[in-house]
Number of protein chains: 2
Amino acid sequence: MTGNSESVEIVEGAPRDGFQSIDKPLPTEEKIAIIEALLSAGVKRMELGSFVSPKAIPQMADMADIAAHFQGRDGVRLSVLVPNARGAELALKNRYSELVFVFSVSEAHNQNNVRRSVEQSLQQLRAVVDTMAGDANFRLRVDLATSFDCPFTGTVPLEEVRRAFAKAIAIAPDAEFALCDTTGRADPVTVKTRFETVMADAPDGTGWAFHGHDTFGMGVANALFAYQAGVRVMEGAAAGLGGCPFAPGATGNTATEDLYFAFQQGGIDTGLDLEKLLAAADRIAALPGGKTGGHLRLVPRTRAYA
Amino acid sequence: MTGNSESVEIVEGAPRDGFQSIDKPLPTEEKIAIIEALLSAGVKRMELGSFVSPKAIPQMADMADIAAHFQGRDGVRLSVLVPNARGAELALKNRYSELVFVFSVSEAHNQNNVRRSVEQSLQQLRAVVDTMAGDANFRLRVDLATSFDCPFTGTVPLEEVRRAFAKAIAIAPDAEFALCDTTGRADPVTVKTRFETVMADAPDGTGWAFHGHDTFGMGVANALFAYQAGVRVMEGAAAGLGGCPFAPGATGNTATEDLYFAFQQGGIDTGLDLEKLLAAADRIAALPGGKTGGHLRLVPRTRAYA
């Protein structure tokens, strides 16, 4: 895990998983300014938001305006989360060319999160794939939420994760797949072994990502153990903003700046500019009502970081 | 890293590294009650305090009384930290049969911490070993403080750690050795590679321990990566109490309950009773003026832990 050739891609999720945790709608220009600040820090992949019902998450009502602003931005992959075919159509209409489709391995969480059965969500995934068919520029990531733990039913059996993944990859063979620790209750050894098991089920060349929360303080360790399993795409949120509104007790996403510290100082390149990242994180932390976390931003800065 | 045969020994350090961070002297009976609570949680090794000048750390003035209380306690290893031969003599006089001798790899930190050069500390180590000679029941641990980072000089070169270890093991060939992340600024990959390098310098059978702080949120990940290197003894402090008074900016030790969660849920047995551990941690967290941390104690307890 050392050497110059190693690198990891950190997908910034504060605008998507983070902003939705803020009750009061943020002005669109404030969102855009924060997204610009994150891009200036070297972020190459970012989830800008969700195409969901504004009734469910009012914070996401301005996705079209945000899309318009970032239209044609080169060198970055800006995605949007969708829970159904309707969201995918809206995203396409607004010229987002990268989607994250989310469903939960846990039936109870899927019902709470997107008000569908897992089987119905998989039908929606099929419709999304059909909608995209023929567009060679289109990218899809499939998030398997509650791949470790469900806030309603506890530990999610590994066999359920394998079954859900098998169904999803049969529908979307070219997608990247994320095992998501929605509640932050996964432990590092389990993260590694689950990834190893599910990755062994997949064809070579399948892309993998890990999405984690820091509820139990395992966020950084979980990401590193996912890396050891071969995962090279990690999700974080600057300032540790976030917390799933449908996962009671879950705190924010693992802080991007803590992931930076763990990987970069360990010789695994993130491509990020720390000073600019911390500046963006400070701006995020100043948002009214946001729950933030992370460590690096809060340590007295007596010395520069490697 | 899975399977029933795996286990880790967590050395509880709240009474030693933690209590010294509390300015106002704690009543001896309060200390004893907390130590008893930790023992009832299944703690099998604990650092009870330090034999240092009461002028430097007034909190440790009652070590003799604490020793008297725990005299002859079976099935547990209760140690005391000493920075010099005088401390070792006092410890022996008070019938502590296990000592932790501490010196810093970094010259600057050693001067600040124990007011000696590293060479002078090594002479003290020799005197401690001589003092113990002939007592077959005696155990010694040598803590190499600032084995990764020094609050005054930054990253400590690996070669300095190797040299310091070579000198120390030449003096104390039967000791257990700890590489200590005194400031909490070590990253997991570096923890693993440093342990692997220094352990390769040592004879087979040498015992190893890791002492970490959670300043940068790396505490749990660092311990897990030390485990991967082969270290089977980890130091923690219940409630994350602590912070070196001579390492500016360092926050508390990695919380014992977070180490419990990371190891136990990953199938690596700690031998601890979580409910009792959390009760002890809550009591520690209620101490006036203590800086605490950790995660597990603070998550809403909607479900039991595995």
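Buried area is the accessible area, taken with a 1.4 Å probe, that two parts lose on being put together, summed over both. In this predicted model, the area buried between chain B and chain A is about 2,900 Å², and carbon and sulfur atoms give 63% of that area. The points below treat this interface, a histidine that has contacts in both chains, and a pair of helices in chain A whose axes cross.

**Interface of chain B and chain A**

- The contact is made up of 37 residues from chain B and 37 residues from chain A.
- On the side of chain B, the residues B:Arg185, B:Phe216 and B:Arg303 supply 24% of the area that this chain buries against chain A, which is more than any other three residues supply.
- Zero salt bridges are found by the rule across the interface of chain B and chain A.

**A:His295**

- A:His295 lies in the segment that comes after helix H11 (274–285) of chain A, and this residue counts as buried because its relative accessible area is 16%, under the 20% cut-off.
- Leaving aside residues up to four places away in sequence, A:His295 touches A:Asp214 and A:Asp258 in chain A, and B:Asp214, B:Thr215, B:Phe216, B:Gly217 and B:His295 in chain B.

**Helices H7 and H8 of chain A**

- Helix H7 (residues 158–171) and helix H8 (residues 188–201) of chain A have axes that come within 10 Å and cross at roughly 35 degrees, and the crossing is right-handed.
- From H7(A), the residues A:Leu158, A:Val161, A:Arg162 and A:Phe165 meet A:Arg194, A:Thr197, A:Val198 and A:Asp201 of H8(A), a set of residues that divides into four nonpolar, one polar and three charged.

Technical notes:
Residues numbered from 1 in each chain as written. Chains lettered and ligands numbered in written order. Predicted model: local features only at pLDDT ≥ 70, side-chain atom pairs only at ≥ 80, totals over all residues. Heavy atoms only, no water. Axes fitted to C-alpha atoms, helices over the stretch in contact; angles between N-to-C directions. Helix = DSSP H or I, 4+ residues; strand = E, 2+ residues; numbered from the N terminus. Left-handed = near helix turned anticlockwise from the far one by under 90°. Contact = heavy atoms within 4.5 Å. Nonpolar A, V, L, I, M, F, W, Y, C, P; charged D, E, K, R; others polar. Buried < 20%, exposed > 50% of the residue type's maximum accessible area, 1.4 Å probe, protein only. Salt bridge = Lys/Arg side-chain N within 4 Å of Asp/Glu carboxyl O.
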